[in-house]
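Please open the model in your viewer and display the side chains as sticks over a cartoon. The tour below proceeds by selection, with a short description at each stop.

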Amino acid sequence: MQTIGPEIAIVGGGVVGLCCTIALLDRGYSVSVFERGTDYNAASWGNAGHIAVEQVEPLASPAAICSVPKRLFGAGGALALPPSMAAYWLPFAARMVAASTPAKFAAGTAALTPLLAGAMPAWRDLVGMLGTPDLLRETGHIVVWDTPVSARAGRDRWARTAIGTARIADAGPDLLHRLGFLADPVGGAIRFIGSGQIADLRTLAMALEAAVAARGGRIVREAARLTQDAGRIAVVGHAFDRVLVTAGVRSRALLEPLGYRVPMIAERGYHIRARADGWPADLPPVVFEDRSMIVTRYAGCVQAASFVEFGDPDGAPDPRKWDRLEHHVRSLGLPIEGPFDRWMGARPTLPDYLPAIGRSTRHANLAYAFGHHHLGLTLAPVTAMLVAAMLAGDTPAVPLAPFDLDRFARKGPRA
């Protein structure tokens, strides 16, 4: 398919950027995607594969702030605040605390609820259009606790939590039997209905890139540099009718030199992967909540993922995180055997745990869609639908005002 419409540059070829590219190509735009990475090693392709429609409550909340001490890595939890990266996470932590008041939490929940309600329908439409319906598994996910005490507390907590379009059911005997490979009987388990999984992230990446090429889009394998002139943005010296920034954690470095305030941090996650020989092929993702770990079966491997480590996206990884994941795998008796592949990637997280989706009021041709934190995979297709409507001058199906980047205020121009 050849396109002859207005020219758009999309800066960032992760899952959000590629979904936006396809949506805009289908509206007749001519689109060039600037993405220098070729190894599928970004957070878009290393995450848990979970379509998390149940996560309508922002992680910036009074409860999250109060729970920090028991969630710290040194106390056995998944939250890491490395002293060597304090210059990154201290300012972010202060902004997150300010964004975690009851009123702001309620407003954030109200903003995310319709966005997440559209996530699964948008995924169905996308995989249908790609001709890869098997990539989307609408089999929900399982939450497991180690002890009856933690299971009672966990069930009570989920009962008080807004979960959008998802539903919760107690684990029946059949499900508990399928978890019989665990070293110890589970303390309790529930099953979420309405959530889902991507069957294989590498296959998804290749299918999205193939769809871009089939529609006449271009993927430019070079780093993008944004410049401004007369109220418009150019990319690597070329003028475009529109420029859409979807560069994940790199969006901050692209936009702050242009005068925008982007108080985003790299929220680093870790995973280990091994061959899938012993893991049931049809078992949905399993969350071991007491260990803050999610285990996902992909096409040829099983992945265990965890950790919220605030810091420098380019800082050296902490091997202790991988060691702890391997310890959890062994102590739980999971049928996963090494050698393990180790990965670390950075989620793009803003302090109120809402994404940034909108158009600039300062540069006439600039738009953005980034900062989706744990929900990048979940929200990519619905974000693309909203961005395409916005750029076409239509009214998006979900109000975008709560996601406007100007909520963080604009920085003054630099000399």
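Begin by selecting Arg-268, which counts as buried because its relative accessibility is 0%, a value below the 20% limit for that class. Please bear in mind throughout that the model is predicted. Colour residues 265-275 next: this run is strand E15, and Arg-268 lies within it. Where does the side chain of Arg-268 lead? Display Asp-312 to find out, as the side chain of Arg-268 reaches the backbone oxygen of that residue at 2.8 Å.

**A second arginine**

Move now to Arg-320, and colour residues 319-332, the helix H12 in which Arg-320 is placed. Add Asp-318 with its side chain shown. The side chains of Arg-320 and Asp-318 make a polar contact at 2.8 Å. Then select Phe-73 and draw a C-alpha to C-alpha distance to Arg-320. The two residues are 247 positions apart in sequence, yet the distance in space is 9.9 Å.

**The open sheet**

Select strands E11, E12 and E13 together. They form an open sheet of 3 strands in the order E11-E12-E13, with antiparallel pairing. Which strands are at the edges? Strand E11 (226-229) and strand E13 (238-239) are the edge strands, each pairing on one side only. In general, the strands of a sheet pair through backbone hydrogen bonds, so the backbone atoms should be displayed here.

Consider first the pairing of E11 with E12. These strands run antiparallel and are joined by 4 bridges. To locate a matched pair, select Gln-228 and Ile-233; Gln-228 stands opposite Ile-233, which belongs to E12. Follow the chain through the turn: E11 and E12 form a hairpin with 2 residues between them. Ala-230, in that turn, has a positive phi of about 55°.

Continue to the pairing of E12 with E13. Strand E12 covers residues 232-235, and its antiparallel pairing with E13 extends over 2 bridges. Select Ala-234 and Ala-239 here, as Ala-234 stands opposite Ala-239 in E13. The final stop is Val-236, in the hairpin of E12 and E13. This hairpin has 2 residues between its strands, and Val-236 takes a positive phi near 45°.

Definitions and conventions. Residues numbered from 1 in each chain as written. Predicted model: local features only at pLDDT ≥ 70, side-chain atom pairs only at ≥ 80, totals over all residues. Heavy atoms only, no water. Pairing = 2+ DSSP bridges. Buried < 20%, exposed > 50% of the residue type's maximum accessible area, 1.4 Å probe, protein only. Polar contact = N/O pair within 3.5 Å; in protein donor to acceptor, adjacent residues only side chain to side chain.
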